[in-house]
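Reader: Could you take me on a close look at the aromatic rings here? I'd love to hear how they pair up and what sits around them.

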Amino acid sequence: MTDWQFDVPTSGSKRLRPDARYMDALTSQGYGFEVAIADLVDNSIDAGAQDVVVHFLRDGDHLVSLLVVDDGAGMDESALDVAMTVGGRRDYAADALGMFGTGLKSASLSHATALTVVTKTKRSRPIGRRWRMEQARTDFLCDIVEPDYAQTLLDRYADRPITWQGTVVRWDGVKDFPKHGDLGQTDRYLHRVIDKLGLHLGLYLHRFLARPDFNITIAVEDVRSGVVYMEYGVEPLDPFGYPMPGRPGYPREFRANLGDVGELPLAAHIWPAKSSMPEYRAHGSVLERQGFYFYRNDRLVQAGGWNGFRQPEQHFSLARVAIDLPVHSGDLFRLTVKKAGVETAPIFAVAVEESADGDGRAFVDYLGDAEGAYREARKRAGVERKPVIPPGMGFEPALRKAMDAELPFVEGEEPVSIRWRFIDADTFFELDREDHVIYLNQQYRPTLLGGRPGGLNDLPLLKALLYLLLHKVFESEMQGPRERDNLALWQSILVAAAKSEMGLIES
């Protein structure tokens with residue numbers, strides 16, 4: 001056996017340029033729409049912007065473009081070329097939100113077929129660059145925008161918000177935009193997407209939005225008439241913004257020893273039970289929104305989760321811990337490219353387990369207090385809801401989220417799903433008790449939809465009512481006479497109602 005060589009010998013170097021198809025890999029990182037827009041707003045914040053406008057442009061019933069406009073410092077030609085270069089390297093300030101040099105391109109081209117950036121500083125003329133996915137795939141060719149158009153686009157946003165300087169990021173060919181605007185699809189899309197976008201920006205940028213000198217506005221405008229259909233300011237959504245803590249003596253600061261990195265403060269909070277505030281309920285399920293909230297330079301980069309420290313449980317739903325990441329942390333904390341999660345080294349969970357506050361209380365005592373606050377609130381309400389089998393496929397995410405907030409779930413059970421299939425006309429639903437499936441009669445589906453397109457999660461109101469009626473069937477091992485009679489009763493009434501809806505039964 002030869003001796004092991006601790007270093008690999010080389011005989012020179014060879015430059016291997018990336019294939020242009022790398023653009024497909026760059027834009028296939030799973031950027032959600034709201035996450036992508038937040039990445040663009042990060043750039044605006046780094047540019048010193050005070051006002052950012054997220055602008056949806058429509059032509060009648062059709063959405064045509066999306067723009068993010070800011071009054072930041074803008075860029076000169078060399079800075080713009082670096083910004084539009086894939087992996088373009090620049091020196092980030094210690095407090096900058098940008099990190100990798102890929103966010104603008106990967107976030108934008110994940111959702112649009114063309115990305116245009118037009119910008120100017122106080123001392124430079126308007127300039128622009130444009131990436132088109134078709135051309136980028138061929139040979140990394142980036143278009144130079146006509147200077148006159150660059151000026152025109154900046155002038156369009158004069159004083160709203162651009163004054164002497166600023167930047168416009170324009171998306172064309174947005175993949176998620178409705179292909180047809182009839183039957184109110186565009187309006188429904190805008191209301192749904194803008195609500196989600198406002199909540200996401202309000203949460204992840206809440207510390208910035210709480211400042212008096214920073215604003216984000218979301219607006220919708222018709223490009224032909226100039227009519228503004230919608231315009232509202234994004235409000236901060238502080239995940240620790242409760243009026244009174246759920247337990248006296250909180251929040252408390254625990255300190256975790258991370259060795260060479262030093263001590264990391266853990267601001268442990270307990271929310272008041274049964275809060276209806278959007279700061280508590282607006283994002284994620286009960287299990288998802290408990291745990292660690294990591295911040296980097298005042299920007300939230302992870303909202304909930306225990307990072308291997310423990311498993312989420314219903315009884316810890318009031319526990320949230322704010323953590324500001326240290327500037328220099330080595331490999332202890334690794335931020336994802338999308339800035340929507342933090343990977344932690346195993347030493348982090350150990351350090352949290354061993355952390356203590358100024359009075360010597362251990363972190364495990366905090367978890368006990370959070371669990372105690374939850375249980376006491378249940379006792380005061382006089383009701384301890386029995387755990388149920390959770391809803392699964394076929395239920396809209398927002399519906400599952402609402403059920404999660406109201407009901408404790410049985411752990412380890414296959415969720416109840418709802419599917420459609422053709423059944424005899426005198427049957428509205430069938431149950432597969434073993435696989436936890438409710439089958440609905442496909443014959444009645446078009447009438448119940450009333451001409452609207454169907455989908456996996458359609459008719460959420462009907463499905464919610466059926467789940468409340470039927471979930472106990474899957475939780476009991478035996479069907480007694482009363483249960484069988486109830487099923488027959490519900491079946492008969494629902495069939496009569498469906499046939500009446502179809503006009504098959506005369507009133």
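Author: Happy to; here is a walk through the aromatic pairs, followed by the charges that sit over rings. Please keep in mind that this is a predicted model. A search of the whole structure turns up 23 aromatic pairs. Let's begin with F177 and Y189: their ring centres are 5.9 Å apart and their planes meet at 80°, over the 60 degrees required, so this pair is edge-to-face. The two partners come from distant parts of the chain, 12 residues apart, with F177 in the loop between β6 (166-172) and α7 (185-204) and Y189 in helix α7 itself. F177 has 5% relative accessibility, and because buried means under 20%, F177 counts as buried. Y189 is buried too, again at 5% relative accessibility.

Now for a second pair, F240 and Y293. The centres of these rings lie 5.4 Å apart with the planes at 70°, so F240 and Y293 are also edge-to-face. F240 belongs to the loop between β8 (228-233) and β9 (252-257), while Y293 is part of strand β11 (residues 291-296), so the pair ties together parts that are 53 residues apart in sequence. Both F240 and Y293 are buried.

Ring pairs can also join into something bigger: a cluster links Y250, F254, F292, F294, W306, F309, F333, F348, F363 and Y366. One of its members, Y250, has a charged neighbour as well, since R252 lies over the face of that ring, 5.8 Å from the ring centre. Elsewhere, the charged end of R58 sits over the ring of Y229, at 4.6 Å from its centre.

Technical notes
Residues are numbered from 1 along each chain as its sequence is written. This is a predicted model: local features need pLDDT of at least 70, side-chain atom pairs count only at pLDDT 80 or more; totals for chains, interfaces and linings use all residues. Side-chain values use heavy atoms; hydrogens and water are left out. Rings of Phe, Tyr and Trp (its six-membered ring) pair if their centres lie within 6.5 Å; planes under 30 degrees apart count as stacked, over 60 as edge-to-face and the rest as tilted. Helices (H or I, at least four residues) and strands (E, at least two) are DSSP runs, numbered from the N terminus. Buried means under 20% relative accessible area, exposed over 50%, partly exposed in between (1.4 Å probe, protein chains only). A charge sits over a ring if NZ of Lys or CZ of Arg is within 6 Å of the ring centre and within 35 degrees of the ring normal.
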